[in-house]
Amino acid sequence: MESSIDEYIKKHADLFVHSPTARALKLAEKYKVLGYMAQRYLDFLKDEAEEFLRSCSLPLRRAIRCNTLKLDSCERLVRSLELKGFKLEPVKWIKYFYWVNRAPSSPTLGSTFEYLSGQYYIQSPVSGVPVVELNPNPSDTVLDMAAAPGGKTSFIAQLMRNQGLIVAVESSRDRTKSLMSNLSRLGVANTLILRQRVEKLVNIFFERFDRVLLDSPCSGEGLLPLDPARRTKTSPEDLLRFFETQLVLIDDAYKMVRPGGLLVYSTCSIAPEENEFVVEYLLENYDDVKVEKISGSYPVEEGLTEYRKYILSEELRHCIRFYPHKSGTEGFFVCKLRRGN
Amino acid sequence: MQTKKRKLEFNSINTKLYNIIIAYLKKKFNCDSLDIPIERLFALGNGFLTVCYFSGNLEAAKITLTGLQAQGLHPYCLGVPLLIIKYTKHKNSKKIKIKPLFNLINFLKNCKNKIILNERIVQKLSYGKPIDVDLHEINPYIGEHENNKSKLYVIETDTGITIGFSRIFVYKNKARIVPLLDIGWYLREGK
C-alpha cells in the first residue's frame, strides 16, 4: 500500500519539472545560477527576483550570540570584545545577538578567549529565530532533531537556563563530535546527546515532547550570499531528494510532539518545495495541526500560499521567509505548528 | 550508528566512586568544599568512564534513558563531561586514574589552587606547550614551598576567563607552567 508521503510526492511530482523561460535563462546567466532556480525566483518573487539575485552577491554581516549560560551580563562581553578591537551592535529584532561591524585582524572572531571559553557563539541571527519561536521553558522536555553543530541546541539550553531536558539527535558521527564539543564549550548541561537516525526514535518518543525543533537538512538555497557554490550545486533531482527526506522528518517530528505541544520547522532554504510544501503535507494529513502566528517582529515576508499551479492553505501565511534583499541576512524559513489536544 | 553491538553502559555513579572523585579533587585543587551533587553525576563507558554532570530535569532524563536502554540504545552524553576515569592494574591491585575536563572548572570556585596570569602569558599557554614565567608574574605569588608536582592549578586570565588546568614547577625565580588542558584545545582540534 502506498504511504501518505509517497502519495503526496506523486501528487507534487511536477514541482520538480522545469522549463525555464528566456527571461529566466537570461537572469541565470547574469547571476550564475541554474536556469530552473532563476525560473522559480521569478515564479515566487516575481518583480523582486533580480533584486534578490543581486543581493546574493553582497557580503553578509557576521554576528554572535552572547551565551548567558557562561556570562551574567552581555554588556561585559561587549566591553571586553571592544577592548580587543571589535565593534558590536545589538540586532534589534532578536535578543542576545550582536552584529560584528568591525573585527581586528587578530584575534579573529573564532580565536578570542571569550569565544574559546564559550562566552559567545558565532551564529547568524536568523538561525536563532526558530529557537525564539519554540519559546522553550525551563520545565519543558524538548527534542532537537538534526542538532549538529549545536548552535540552536545551545540557544534552547540558554533560554531554558540549563533546566528541563533537551534530547539532541544527530545521525552523523563527525557532526555528533562537533555537537558535543560545542555544547561542552558553551556549558550546556541539560542535554542528552544521541547519535541515531530519527526514525528509530519515533516509537520510543511517541507523543513525548513539549516542543520539537526540526531545523531540517536542506539544499541551503538560502545560503547563496555565503556560499557561491550553492548557485549551481542543487539539481531539481537533488531538490526532490531533500523534499522526500523533509517529509519523512516532519512526519516523524509531529508524531513525537505531545498533544497540545509545539513543532517548529525551519530550513536555511527559500525553496517552496522544502518549506511550504513540506508544512502543507502535515496540514493535509493531520486534522489536529494548526499553523501559529510567529510572535516576534522580524524583517520578513509571510509564507507562500500560491506557487505555480498550486493553491496552498491560507494558514501558511503565518510562516515567515527571510530574504537577503529584505533583511540583509541569508534566506531562511520558519514555521510554527501547534498540535491539537 | 548506535546499536546493540556497542556495549556502552550509562549509569548513575555509586557512592564509592563519588567519594574517590571528591577526595581526589579536594586534594589536587586544594578545596575546602565541593558542591557536586552525586545524583547529578552519570558515568558512561566500559574500559574507561566519562563522568558527566546533568543540570536538568532528572526525572525526565531517567525516563528517557530507560526508554532508550530498553531498545539497546545509549546516549553519547548526558549533560557536560567533567572527568575521565581510567582503571589500571598494578601488582594485583586496581588503580584509578582521574583526568579532569574543562567543565569541571565551574565546580572549583571554592578551591585555593588558582592562579591569575595576564592575557599575554595565557595566549602562549593556549598553544598547549609549557611556558616559563617570572614568579612575580603569577598572582597569587607561588613560592618554592608550593613546588609539588601532584597539585593541579586552575588558570585564569586577569580579565576573569578560566582557560584550563596546569601543573606548576618552581625553580629559582621562575615557574614552569605545564598546561594539562587548555581552551586552545578547541582550536587545535579544529572543532
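Me: Which residue is the bridge partner of Tyr87(B) in strand 6 of chain B, and what makes strand 5 of chain B and strand 6 of chain B a pair?

Reply: In this predicted model, the bridge partner of Tyr87(B) is Ile96(B), which belongs to strand 6 of chain B. Strand 5 of chain B and strand 6 of chain B, residues 93-100, run in the antiparallel sense over 8 bridges; because at least two bridges are required, they count as a pair. The hairpin that these strands form has 2 residues between them, and in this hairpin Lys91(B) takes a positive phi near 45°.

Me: How do you know that strand 7 of chain A pairs with strand 4 of chain B, and in which sense?

Reply: Strand 7 of chain A, residues 191-195, and strand 4 of chain B are linked in the antiparallel sense over 2 bridges; the rule asks for at least two, and therefore these strands pair. Opposite Ile193(A) stands Cys77(B), a residue of strand 4 of chain B.

Me: Why is the contact of Lys84(A) with Glu119(B) called a salt bridge?

Reply: The closest N and O atoms of Lys84(A) and Glu119(B) are 3.4 Å apart, and the rule accepts a side-chain nitrogen of Lys or Arg within 4 Å of a carboxyl oxygen of Asp or Glu, so the pair is called a salt bridge. The count between chain B and chain A is 1 salt bridge, beside 11 residue pairs in polar contact.

Me: Which element of chain B gives the largest share of the side that touches chain A, and how do the residues of that side divide?

Reply: Helix 2 of chain B gives the largest share, with 7 residues, while the elements that each supply at least two residues include strand 5 (80-90), helix 3 (119-125) and strand 10 (162-171). The residues of this side divide into 22 nonpolar, 17 polar and 3 charged. In total the contact takes 42 residues from chain B and 40 residues from chain A, and the two chains bury about 3,200 Å² between them, with 62% of it on carbon and sulfur atoms.

Me: What is found across the interface of domain 1 and domain 2 of chain B by the salt-bridge rule, and which residues supply 72% of the area that domain 1 buries there?

Reply: The domain assignment of chain B gives domain 1 as 9-103 and domain 2 as 114-188. The area buried between these domains is about 850 Å², of which carbon and sulfur atoms give 70%. Lys28(B), Phe29(B) and Phe102(B) supply 72% of what domain 1 of chain B buries, more than any other three residues. The salt-bridge rule finds 0 pairs across this interface, although 2 residue pairs are in polar contact. Helix 1 of chain B, residues 15-29, gives the most to the side of domain 1 that touches domain 2, with 3 residues, and that side divides into 5 nonpolar, no polar and 1 charged.

Me: What makes the backbone at Pro107(A), Pro149(A) and Arg161(A) worth a remark?

Reply: Most residues other than glycine have a negative phi, and most peptide bonds are trans. The bond that joins Ser106(A) and Pro107(A) is cis, with omega about -5°, and Pro107(A) is found in the loop between strand 3 and helix 6 of chain A. The bond from Ala148(A) to Pro149(A) is also cis, with omega near 5°. Arg161(A), in the loop between helix 8 and strand 6 of chain A, has a positive phi of about 50° although it is not a glycine.

Terms used: Residues are numbered from 1 along each chain as its sequence is written. Chains are lettered from A and ligands numbered from 1 in the order in which they are written. This is a predicted model: local features need pLDDT of at least 70, side-chain atom pairs count only at pLDDT 80 or more; totals for chains, interfaces and linings use all residues. Side-chain values use heavy atoms; hydrogens and water are left out. Domain bounds come from an automatic or database domain assignment. Buried area is the accessible area (1.4 Å probe) that two parts lose on being put together, summed over both. A polar contact is a pair of N or O atoms within 3.5 Å; within protein, one must be able to donate a hydrogen and the other to accept it, and residues adjacent in sequence count only if both atoms are side-chain atoms. Helices (H or I, at least four residues) and strands (E, at least two) are DSSP runs, numbered from the N terminus. Ala, Val, Leu, Ile, Met, Phe, Trp, Tyr, Cys and Pro count as nonpolar, Asp, Glu, Lys and Arg as charged, and the others, Gly among them, as polar. Contact means heavy atoms within 4.5 Å.
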